[in-house]
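Please read the account below with the sequence and the coordinates open side by side. It moves from the chain as a whole to its cores and then to single residues.

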Amino acid sequence: MAVVAFGTLVTVLLVAGLLAGWAVYGRLSENVTSDGATAAELARHAAERPRRLVPDALNVLLIGSDTRSGEGNGRYGRNPGGERSDTTILLHLAAGRRGAVAVSLPRDLMVRVPACRERDGGTGAARLAQFNSAFTTGGPACTIRTVERMTGVRIDHHVVVDFHGFKEMVDAVDGVDLCLAGPVRDEAAELDLPAGRVTLDGEQALGWVRARKSLGDGSDTARMERQQRFLGALVQKVRSDHVLHNPLKLYPVLHAATSALTTDPGLAGLRDLYGFVREVRGIPSERIVFTTVPREAYPADPNRDRLLEPAADRLFELLRHDRPVPVTERAATGRTGARGAPAEPAPSPSFSGTTAAEEPCA
C-alpha cells in the first residue's frame, strides 16, 4: 500500500544520515532494489511527459503493491486479478524543502490509462479504467504515466513496497501509538483492539491501514483518512529520541526499511537517500500535509470515483507550481465522512486533510 511506501521512505530519510559512518553502510545500500526497467520505459515516452515547472521541487510517487508473493504475504489471501497498487500517494516536496504534501489517489478512481507496455511484452490499449489497473497492466511505468496525464505533475522518483517490509519496519520502531474511540474487531484483518490508547505492532498496523468494511463507514474515503492519521503518528514515532538517538534501534529500523524498497535508479543507493535526508529531515511536522484528491461518485457505478472538478485541477495546479496546499478537517468532496455523517464541502481553496503534527490521541 502507499501508506506502507510512505512510512518506509520516511523512516529511511530520517535515519539514513545517522548511519553514514557505519561499516554497514554499503550492505544497507545494497538492500534497495533498483528498478531500471521503469526508467527505460519512461524514457521511451519522454516526449509526452509534462515538464518540470519548479526545478528544485520534487515529486515522488509512492506505490504499495498488493502482491501476495514474498515472505509472509500469501496469508492475506489470493489476488486473482494480478498484482495491483492497493493505494497510491503522490508526495510533493517543496523547493527549499519548506514543506511536503502527500496526496492520496484512490484505487477506485476512474481515469484515462494510456497505451502501456504490458508485463508480458505486449501493449495494452488506451482506455477508461479503474486507476489501480494501470499497475496490473504495466507496473510502475504505466502508473506513473497515468498519474502524469491526470495531474500534469512531473514524477521525479518512484518507490514500490509490499506488505512484509511494512510490518518489519513498524516492529523495528516498537510499534506506533494510536487512540481508538471504541473497540475494533475485524476477523479478516486479524484485529481485536480495545478502546483508548493502543500500540500497534507490525501485523496490527498492516491490518489497521488495510481494513475497510469494519471501520468507519466502510468506504475507501474513511480508509484513506485513517491511513493519513497513521502516517502522522509514524512520522512522530520515527522522529522521537527513542529511535533517532538510540544506536541499537538505528540498524534494524534502516535494515527493514531499505529491504522493503524498490525504487528508480536515482534513489536506489543509501547515498542517494542520504542526499534526501539532509534536505527533508528539517521539515516541521506542521508543514507535512496529508490530503486526498477531490473526487465524487462515478455516475455509471456508485462504487467507483471520478475527479471532482474544478477542485481537483486546483489541487494539481498548486502542486505543479509548488504553492502551499491548505487543508481543513472538513471533507472537500461532499462524500460521506469517516464517522458516517454527511461531510460538508470545504470552502475553496482548502482541501480535506491533516498534518503530521496532529497528536494521535488528541
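What follows describes a predicted model, beginning with the confidence of the prediction and ending with a few side-chain contacts.

The protein chain has an average pLDDT of 77, and 70% of its residues score at least 70. Over residues 73-82, however, the pLDDT is below 50, although this stretch has 21 contacts in the model beyond near neighbours in sequence. Residues 330-349 likewise stay under 50 in pLDDT, and for them the model has 39 contacts beyond four places in sequence. Where pLDDT is low, the predicted coordinates should not be read in detail.

As for the overall composition, the protein chain contains 11 helices and 19 strands, and 56% of its 362 residues count as buried. Its accessible surface comes to about 15,000 Å², of which carbon and sulfur atoms account for 50%. If one takes the contacts between residues at least 6 apart in sequence, 70% of them join residues that are at least 24 apart.

The interior can be approached through its nonpolar cores. The largest of these has 33 residues, and the members that touch the most other members are L61, L90, V103 and L105. At least two residues of this core come from each of β2 (58-65), β4 (100-105), β5 (110-113), α4 and α11 (311-320), and α4 gives the most, with 7 residues. Leaving aside residues up to four places away in sequence, L90 touches N59, V60, L61, V101, A102, V103, L105, V153, I155 and L319. A second, separate core of 27 residues includes L178, A211, V238 and A257.

Helix α4 deserves a further look. P140 is found in this helix and counts as buried, at 13% relative accessibility. Not counting residues up to four places away in sequence, P140 touches D35, T38, I63, F135, H158 and V160. P140 and A37 are 103 residues apart in sequence, whereas their C-alpha atoms are 9.4 Å apart in space.

The disulfide also involves this helix. The count of disulfides comes to 1, and this one joins C116 to C142, with an S to S distance of 2.2 Å. The pair links distant parts of the chain, since C116 lies in strand β6 (residues 116-117) and C142 in helix α4 (residues 133-151), 26 residues apart. With 80° about the S-S bond, the link of C116 and C142 is right-handed. Are its two cysteines buried or exposed? C116 has a relative accessible area of 2% and is therefore buried, and C142 counts as buried because its relative accessibility is 1%.

The last region to consider brings together two other helices. K167 has its place in helix α5 (residues 163-172), and, with a relative accessible area of 9%, K167 is buried, because the cut-off for that class is under 20%. The side chain of K167 is joined to that of E203 by a polar contact of 3.3 Å. E203 is also involved in the capping of helix α6: D201 caps the N-terminal end of α6, with a side-chain oxygen 3.2 Å from the backbone nitrogen of E203. Within α6 (residues 202-210), the buried residues are G202, A205, L206, G207, W208 and V209.

Definitions and conventions. Residues numbered from 1 in each chain as written. Heavy atoms only, no water. Buried < 20%, exposed > 50% of the residue type's maximum accessible area, 1.4 Å probe, protein only. Helix = DSSP H or I, 4+ residues; strand = E, 2+ residues; numbered from the N terminus. Polar contact = N/O pair within 3.5 Å; in protein donor to acceptor, adjacent residues only side chain to side chain. Disulfide = S-S within 2.5 Å. pLDDT = per-residue confidence, 0-100. Contact = heavy atoms within 4.5 Å. Core = buried A, V, L, I, M, F, W, Y, C linked by side-chain atoms within 4.5 Å. Areas by Shrake-Rupley, 256 points an atom, 1.4 Å probe, with all protein chains shown as cover.
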